[in-house]
Amino acid sequence: MVEAPGVQRGLEDVVALESRICFIDGLQGRLIYQGYDIRDLAAQSNFEEVAYLLWYGRLPTAAQLAELRERFGLLRALPPSLVDRIESMPPESNPMDVLRTAVSALALFEPEEAKPGASSIGGAQRLTAALPTIIGTFHRRRAGLPPLRARPELSQAAYLVYALVDRDPTELEARAIDVALILHADHELNASTFAARVTASTLSDLYSAVTSAVGTLKGPLHGGANERVMELLNEIGTTELAEAIIQEKLARHERIMGFGHRVYKVEDPRATILREWSRQIGEAKGNMRYFELLRKVEAVVHREKGLYPNVDLYSGSIYSLLGIAHDLFTPIFASSRVAGWTAHVLEEYQDLRLIRPTAKYVGPTDLTYEPIAARG
Ligand code: ACO
C-alpha cells in the first residue's frame with residue numbers, strides 16, 4: 001500500500017512519548033535498560049534484578065533483591081477457583097489465549113482490596129510472579145503432569161522450567177533461561193508495550209493493560225515469531241535443504257520468521273547473545289542440529305535479503321532443547337515482557353496523557369442518506 005502524504009503507516013519513526021525505561025540504538029545495535037547495556041545485564045545480572053531495575057529505575061541492593069525474590073515466591077500461587085478455571089479450559093486451546101483470559105480473570109478473583117495495588121508495583125509483582133504459574137497450570141493439565149507447586153526456593157527462570165517440563169533445570173539451563181528472560185524483559189515502544197500504554201492512558205487498570213499486551217504479543221509479526229521459526233526448522237529438516245527452501249519462500253515473497261526489525265538496521269544485540277546460548281545448550285545436549293540449521297538459514301537470508309536475525313531466531317532452539325513445547329515459547333516471552341509492560345504502565349500513570357492519534361480520512365463526506373425502503 002502506498003503511504004499517503006502526512007501518514008506514517010505503522011507509526012514508523014513517530015516519537016509518541018518520553019520514557020526513561022529503555023533505549024534502542026537501531027543503527028549501533030545497542031539496547032539499554034534504565035542506563036545499563038543489555039550485554040552487561042545478560043552477562044552479570046538476573047531476571048529478578050532486571051525487573052526491579054525496570055520498575056524502580058535503579059539496581060536493587062542485596063536486601064531489596066532478596067525481598068523481591070521472596071515476594072515472587074509468595075505471589076506465585078493462584079486463587080484455587082482460577083486454577084479450576086484454567087484446568088477446565090479446552091486442552092487444545094492456544095496457550096496465549098489461555099494466558100490472556102487468565103490474566104484478565106485474575107483481576108476478578110482478586111477484589112480491589114486484596115489486589116496488591118491495581119496500579120502499583122505490587123500489581124506488577126503479582127502479575128510477573130503469576131504468569132509462569134498460569135502457563136504451567138494449563139500445560140501440566142493438558143500434558144498429564146502433576147499439579148504445580150509454588151517452589152519459592154526457585155528463581156523465576158528455574159521455576160519457569162520446572163513449571164513447563166516438571167524437572168529442575170541444570171545450572172546451565174537455568175542460566176540460559178535467565179538470560180532469555182533478561183533479554184526479553186523490555187523493548188521500548190514495541191507493539192504490545194504500546195498496547196499496554198494505550199490502555200493505561202485511558203486510566204484503565206494494570207490488569208486490563210497487561211491483558212491488551214498479551215493479545216498483542218500473540219501475533220506472528222511480534223512475539224509469535226519464535227514458534228514459527230521452529231516450524232520452519234522442522235520443515236527444512238536438514239542443512240542441505242535449507243538453501244532451496246528459503247529461496248522458494250523468498251521467491252513467493254514469504255516472510256522468514258526471526259529476521260528483520262522495525263528499529264534495528266543491524267543485528268539485534270539480543271540475537272547475538274542468544275546465538276551463543278543456542279550453541280552452548282546445543283553442545284551441552286550433544287545436539288547441534290538446530291544451531292547448524294539456523295546458521296545456514298541466517299547465511300541465506302542475509303545474502304539474499306540483507307536481513308539480520310532478531311530476538312526470535314535463536315530463542316526457540318534453546319527452549320526446544322530443554323524439552324519445552326513450541327506453543328509455550330510466546331508465553332515464555334510474555335513471562336519476561338510482563339516486567340517491561342508493567343514498568344511502562346507505571347510510567348504512563350506518572351505522566352498520563354490519553355494516547356489518541358488521528359487518521360487521515362480518505363472516504364466520502366457528502367453522501368445523501370437514502371431511506372431503507374428506497375434502497376431496493
Ligand atoms: N522475511 C522476508 N522479508 C522481510 C522480512 C522477513 N522476515 N522482514 C522484512 N522483510 C522485507 C519486506 O518484505 C519488505 O520488502 P519490500 O520492501 O521488498 O516489500 C522490507 O523487508 C521491509 O519490510 P517491512 O515490513 O516494511 O518492515 P517492518 O519494519 O514493517 O517489519 C517486521 C518489521 C514486522 C519485524 C518484519 O521484519 C517481519 O515481518 N519479520 C518477521 C517476523 C518476526 O520475526 N517478528 C519478530 C520481530 S521482533 C519482536 O517482535 C519480538
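Ala, Val, Leu, Ile, Met, Phe, Trp, Tyr, Cys and Pro count as nonpolar, Asp, Glu, Lys and Arg as charged, and the others, Gly among them, as polar. By that scheme, the shell around the ligand holds 9 nonpolar, 5 polar and 5 charged residues. This is a predicted model: local features need pLDDT of at least 70, side-chain atom pairs pLDDT 80 or more, while totals for chains, interfaces and linings use all residues. Numbering runs from 1 along each chain as its sequence is written, and side-chain values use heavy atoms, without hydrogens or water.

**Ligand shell**
- The ligand has 19 residues around it (a heavy atom within 4 Å).
- His-222, Arg-255, Ile-256, Gly-258 and Arg-262 come nearest.

**Polar contacts** (pairs of N or O atoms within 3.5 Å)
- His-222 places a polar side-chain atom 2.9 Å from a ligand oxygen atom.
- For Arg-255, a polar side-chain atom lies 2.7 Å from an oxygen atom of the ligand.
- Phe-259 uses its backbone: an N or O atom there lies 2.9 Å from a ligand nitrogen atom.
- On its own the ligand has 910 Å² of accessible area (Shrake-Rupley method, 1.4 Å probe), and the protein covers 67% of it.

**Domains**
- Domain 1 spans 17–220 + 328–350, and domain 2 spans 225–321.
- These bounds come from an automatic or database domain assignment.
- The domain centres, taken over C-alpha atoms, are 25 Å apart.
- Across the interface, 30 residues of domain 1 are in contact (heavy atoms within 4.5 Å) with 28 residues of domain 2.

Note on methods: A polar contact is a pair of N or O atoms within 3.5 Å; within protein, one must be able to donate a hydrogen and the other to accept it, and residues adjacent in sequence count only if both atoms are side-chain atoms.
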